[in-house]
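Visitor: I would like a close look at a single part of this model. Please work outward from there to its surroundings.

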Amino acid sequence: MEENNLIYGLELQARALTPQNGESNDVCFFIATNSLKPTNQLHLLQYDEEQGTIQSKIFEHALGEVWKLNSCPHDAHLLASVYNVQKGAQVLTQAALLTLPTNDSRDSNNAEPIKSEYIPWAKIEVLETAELGERVKTVEFHPSQEQTLACVVGNKLAVMQRAEASTRVVAEVSSGTSGTSGTKHLSPFTSGKWSHHHQGHQFLALHDTSIRAYDVRDTQHCAWSIEDAHGQFVRDLDCNPNKQCHLVTGGDDGCLKVWDCRMVKGPVFERSDHSHWVWSVRFNTFHDQLILSSSSDCKVLLTCAGSVSSEAPGTDGGDAIATGGLQERHKVLSDGLLQTFDQHEDSVYCAEWSNVDPWIFASLSYDGRVIISKVPKQYKYQIIM
């Protein structure tokens, strides 16, 4: 049985969840709704472990239904939203940067009463993506450069410099022609993420069943690739923040795979415990032997890949202590499935670790159910004792 799980319910459907990465003290998550109804919402959830409660702040997301959220690691008040907007008979996917109000800015507005049930935004900046394409997939904040964004739009990967208001396309997958009509058939990117390593110069993009790493300093410079990484679509990836060249992927074949980009012929670790598409995969940033995955089989799985983690015996001690600066080596659990969390009743599109507490994570299913869960104590104590 899951211990001390908390459930938070939304009135609308949802599929976007992200931790508040710039926050260093409180366990906080952003979630946003994905409804065709006029008013979508964004909720900032704060979890209090001692009280066993969830406090929420609710913002209106009037731009449209939200498909993806990312929070800025450099600014706790900034996040990127990818959303649908209807223009005539056409549905476009666009992106915006949303800035939460600080306490000071809210105090200065006390003279003007809020005429809504929602907290107003400090700023909404719609990104200029129309020239890149009609379908934004994700907007990713650079892990170390505050003003740099990567934007995946259709079959293009672009790097944006906010301070200079400049956008540069660094990669584009080619279009083919289909049928006798000769019409162009775009083969778009699925998603992507910055590498934590390689001096911040590489962006990892998902394309169909493959993974491609682009050096953003050049145009069309594919540093390395893993072709046919999954038997079907690759849905998500995550980089191991503590071990160079390691990443995890999840796909429509129901598999979770850990890769070493220096040895691309096959994964160094693989599990197929999900019975449907895997939508989300995440390394624990403190103990990367722990991997979280979520799927449209309505389950969240906690898996151990200790044998290929930075904490495995025989690995460089510098890798093992990269995040916390700890001198001792933690115990490595046996590889395999550790725990199944099955309290969701719909597809689980997101599962995210807290960036503050290594033992807490949140998951979100399409029916709007958010569950705050913990790593079972038996595994926690085995790792830290």
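Guide: Beyond its neighbours within four places in sequence, Asn34 is in contact (heavy atoms within 4.5 Å) with Gln13, Ala14, Arg15, Asn40, Glu65, Val66, Trp67 and Tyr366. The model is predicted, so local features need pLDDT of at least 70 and side-chain atom pairs count only at pLDDT 80 or more, whereas totals for chains, interfaces and linings use all residues. Residues are numbered from 1 along each chain as its sequence is written, and side-chain values use heavy atoms, with hydrogens and water left out.

Asn34 sits in the loop between E3 and E4; helices (H or I, at least four residues) and strands (E, at least two) are DSSP runs, numbered from the N terminus. With a relative accessible area of 4%, Asn34 is buried. Here buried means under 20% relative accessible area, exposed over 50% and partly exposed in between, for a 1.4 Å probe and protein chains only. Leu12 is 22 residues from Asn34 along the chain, and the two C-alpha atoms are separated by 7.1 Å.

Ser35 belongs to the loop between E3 and E4 as well. Ser35 counts as buried because its relative accessibility is 9%. Outside the four places on either side in sequence, Ser35 is in contact with Leu12, Gln13, Asn40 and Glu65. Gln13, Asn40 and Glu65 thus appear on the contact list of Asn34 and on that of Ser35.

For contrast, Ala165 lies in the loop between strand E12 (156–161) and strand E13 (166–172). Ala165 is exposed, at a relative accessible area of 73%. Its C-alpha atom and that of Gln147, 18 residues away along the chain, are 9.7 Å apart.

Next come the strands on either side of the Asn34 loop. The largest nonpolar core (buried Ala, Val, Leu, Ile, Met, Phe, Trp, Tyr and Cys residues joined through side-chain atoms within 4.5 Å) has 18 residues, of which Phe30, Leu42, Phe59, Leu69, Leu79, Leu100 and Trp121 touch the most other members. Two or more residues of this core come from each of strand E3 (27–33), strand E4 (40–48), strand E6 (66–71), strand E7 (78–87) and strand E8 (90–99). Leu100 is in contact with Phe30, Leu44, Phe59, His77, Leu79, Trp121 and Ala122, again leaving aside neighbours within four places in sequence. A second, separate core has 17 residues, among them Phe29, Leu45, Val370 and Ile372.

E4 also takes part in an open space. A pocket is an open set of points on a 1 Å grid over the protein atoms alone, with protein on both sides within 12 Å along at least five of seven lines; a cavity is a set where a 1.4 Å probe fits but cannot get out; lining residues have an atom within 4 Å of a point. Points are joined across faces, edges and corners, and a volume is the space filled by probe spheres set on them.

The second largest pocket has a volume of about 340 Å³. Its lining comprises 18 residues, with Gln20, Leu44, Lys57, His77 and Asn103 closest to the centre. E4, strand E5 (53–61) and helix H1 (103–108) each give two or more residues to this lining, and E5 gives the most, with 4 residues. The classes in this lining are 7 nonpolar, 7 polar and 4 charged, where Ala, Val, Leu, Ile, Met, Phe, Trp, Tyr, Cys and Pro count as nonpolar, Asp, Glu, Lys and Arg as charged, and the others, Gly among them, as polar. Leu44 and His77, noted above as contacts of Leu100, are thus among the residues closest to the centre of this pocket.

The largest pocket holds about 1,500 Å³ of space. Of its 50 lining residues, Lys68, Asn70, Glu140, Lys193 and Arg282 lie nearest its centre. Elements giving two or more residues to this lining include E6 and E7. By class, the lining divides into 22 nonpolar, 16 polar and 12 charged residues.

Closed space is listed separately: the whole structure has 4 cavities of 30 Å³ or more, and the largest contains about 50 Å³.

For the chain overall, 52% of the 385 residues count as buried, and the secondary structure comes to 3 helices and 30 strands.
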